[in-house]
Amino acid sequence: MSLPVWAQTALLLTLSNVFMTFAWYGHLKALNSKPWIIAALVSWGIALFEYLLMVPANRIGYTELNVAQLKIMQEVITLCVFVPFAVYFLQQPLKLDYLWAGLCLLGAVYFIFRG
């Protein structure tokens with residue numbers, strides 16, 4: 001049984017976002033004592049896997065979703081991946097601002113996906 005296009009897209013975007021988040025922010029903790037050029041090279045290596053998932057996700061999604069819907073889906077997934085990463089990996093405090101940002105994104109989802 002095949003997953004619907006929106007589910008395939010969301011799954012690939014979620015996996016892509018995990019790599020993206022580690023590439024963009026993981027070096028702040030894991031490579032903090034290394035020169036920035038080392039962090040950049042490691043981040044680029046991780047980002048390769050992000051792109052290997054992101055490109056097919058967008059191509060699959062674009063068969064049934066428009067670009068705005070893909071982008072809003074990406075932003076919602078980014079927040080859903082980033083918040084646990086920030087709290088658990090970077091040990092940042094859980095803030096009510098994440099909830100407000102999520103509510104704003106829910107508004108964006110409504111307007112982009114309404115008929």
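This passage walks through the fold, the surface and a few chosen residues of a predicted model.

The overall architecture is a good place to start. The chain contains four helices and zero strands, and from the N terminus on its elements run α-α-α-α. Along the principal axes, the C-alpha trace spans about 50 × 35 × 25 Å. Contacts also say something about how the chain is arranged: among those with a separation of 6 or more, 76% join residues that are 24 or more positions apart. Of the 115 residues, 34% count as buried. The accessible surface comes to about 7,800 Å², and carbon and sulfur atoms account for 72% of that area.

The UniProt record adds a layer of annotation to this picture. In an unreviewed entry, UniProt lists residues 6-25, 37-57, 72-90 and 97-113 under "transmembrane region". Two of these spans can be compared with the model. Residues 72-90 are 95% helix and 0% strand, and the C-alpha atoms at the two ends of this span lie 25 Å apart. Residues 97-113 are 100% helix and 0% strand, with 24 Å between the end C-alpha atoms.

Helix α1 covers residues 5-30 and includes Thr21. Is Thr21 buried or exposed? Thr21 counts as buried because its relative accessibility is 3%, under the 20% cut-off. Its contacts show which residues lie around it: leaving out residues up to four places away in sequence, Thr21 touches Gly26, Val81, Phe82 and Phe85.

Helix α2, made of residues 36-61, holds Val42. With a relative accessible area of 38%, Val42 is partly exposed. Val42 also belongs to a nonpolar patch on the surface, together with Trp36, Ile37, Ile38, Leu41 and Trp44. Taken together, the members of this patch have about 670 Å² of accessible area.

Helix α3 brings charged side chains into the story. In general, side chains of opposite charge can pair when their charged atoms come close. How many salt bridges does a search of the whole structure find? The search finds one, and it is formed by Lys71 and Glu75, whose closest N and O atoms are 2.8 Å apart. Both residues lie in helix α3 (residues 67-89), where four residues, or about one turn of the helix, separate them. Neither partner falls into the buried class: Lys71 is partly exposed at 47% relative accessibility, and Glu75 is partly exposed at 29%.

Helix α4 runs over residues 96-113 and contains Val109. At 26% relative accessibility, Val109 counts as partly exposed. Apart from residues up to four places away in sequence, Val109 touches Ile72, Val76 and Arg114. A look towards the start of the chain gives another view of its position: Val109 and Met1 are 108 residues apart in sequence, and their C-alpha atoms are 28 Å apart in space.

Phe113 is also found in helix α4. Phe113 is partly exposed, with a relative accessible area of 33%. Once neighbours within four places in sequence are set aside, Phe113 is in contact with Leu65 and Gln69. Its C-alpha atom lies 9.0 Å from that of Ala68, although Phe113 and Ala68 are 45 residues apart in sequence.

The cysteines complete the tour. A disulfide is a covalent bond between the sulfur atoms of two cysteines. How many disulfides does a search of the whole structure find? The search finds zero. Cys80 is in no disulfide, and the nearest cysteine sulfur, that of Cys104, is 14 Å away. Why does Cys104 not form a bond with Cys80? The sulfur of Cys104 is too far from that of Cys80 for a bond, because the distance between them is 14 Å, whereas a disulfide needs the two sulfur atoms within 2.5 Å. Both cysteines can be placed by their accessibility as well. Cys80 counts as exposed at 56% relative accessibility, and Cys104 is exposed with a relative accessible area of 60%; the cut-off for this class is over 50%.

Key:
Residues are numbered from 1 along each chain as its sequence is written. This is a predicted model: local features need pLDDT of at least 70, side-chain atom pairs count only at pLDDT 80 or more; totals for chains, interfaces and linings use all residues. Side-chain values use heavy atoms; hydrogens and water are left out. UniProt positions are given in the numbering used here, feature names are shortened, and annotations may be inferred rather than shown by experiment. Patches are made of residues with over 30% relative accessible area and no salt bridge: like charges are joined within 9 Å, nonpolar side chains (Val, Leu, Ile, Met, Phe, Trp, Tyr) within 5 Å. Accessible areas come from the Shrake-Rupley method with a 1.4 Å probe; for residues, only the protein chains shown count as cover. A salt bridge is a side-chain nitrogen of Lys or Arg within 4 Å of a carboxyl oxygen of Asp or Glu. Buried means under 20% relative accessible area, exposed over 50%, partly exposed in between (1.4 Å probe, protein chains only). Contact means heavy atoms within 4.5 Å.
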